[in-house]
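Visitor: Hey, can you walk me through this one? I'm new to all this.
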Amino acid sequence: MKTQFVELPISTRDGQFIAHYSEKGLAGLNFPKVGSARRTDRTPQRGVPTNKIPAKIRKWHHTTEAALKNILASREPKTLPPLDMAGTEFQKSVWNALRKISSGKTKSYGEIAQAIGRPRAVRAVGGACGANPVPVLVPCHRVLAANKKLGGFSGGLDWKRSLLKREGIKF
């Protein structure tokens, strides 16, 4: 049976993010589209009437919105919604390691590989970071290449620079 997702917008000063929820939690978060106008309403995407959104998803969305806005304002989120991140066991181990990197701190791809007990899987760690379905909340932007170089980022390097700068990280 195919999982049904509810997509809801999160309007920020930086544009409109789209949060994707399954029946188990936040399954994805998309960055604002480049050049798109910011929406200021909170209506669901794809014609889902607000009164048809389950109460637990509305609660998770409120938590997601607060967490995202805190992070974008250089503050630690108080709480995160439940996460339902689909991926391989390896990817999930990387994503769990990312969640342990404190705001204002960075790790290298090699350090993450070491932390998960796979020291030779540096490139695979980079791939798992790129496949992170919940960027910003699961802070793949805090992972840098060797010698504090930026490396890549699914949201684009401008987003990575911006998020790191907001956390006071110099690179």
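Guide: Sure, one term to begin with: accessible areas come from the Shrake-Rupley method with a 1.4 Å probe, and for residues only the protein chains shown count as cover. For this chain the accessible surface comes to about 9,800 Å², and 51% of that belongs to carbon and sulfur atoms. Keep in mind that this is a predicted model, where local features need pLDDT of at least 70, side-chain atom pairs count only at pLDDT 80 or more, and totals for chains, interfaces and linings use all residues. Residues are numbered from 1 along each chain as its sequence is written, and side-chain values use heavy atoms, with hydrogens and water left out.

Visitor: OK, how many helices and strands are there?
Guide: The chain has 5 helices and 5 strands; these are DSSP runs numbered from the N terminus, helices being H or I with at least four residues and strands E with at least two.

Visitor: And in what order do the elements run?
Guide: From the N terminus, β-β-β-α-α-β-α-α-β-α.

Visitor: New topic: what does Val125 touch?
Guide: Leaving out residues up to four places away in sequence, Val125 touches Phe90, Val94, Tyr109, Ile112, Ala113 and Ile116. Contact means heavy atoms within 4.5 Å.

Visitor: How do H2 and H4 cross?
Guide: Their axes, lines fitted to C-alpha atoms over the stretch in contact, with angles from 0 to 180 degrees between N-to-C directions, come within 9 Å and cross at roughly 80°. That makes H2 roughly perpendicular to H4 (65 to 115 degrees).

Visitor: Which residues make that contact?
Guide: From H2, Phe90, Gln91, Val94, Trp95 and Leu98; from H4, Ala124, Val125, Ala128 and Cys129.

How values were computed
Angles under 35 degrees count as roughly parallel, over 145 as roughly antiparallel, 65 to 115 as roughly perpendicular and the rest as oblique.
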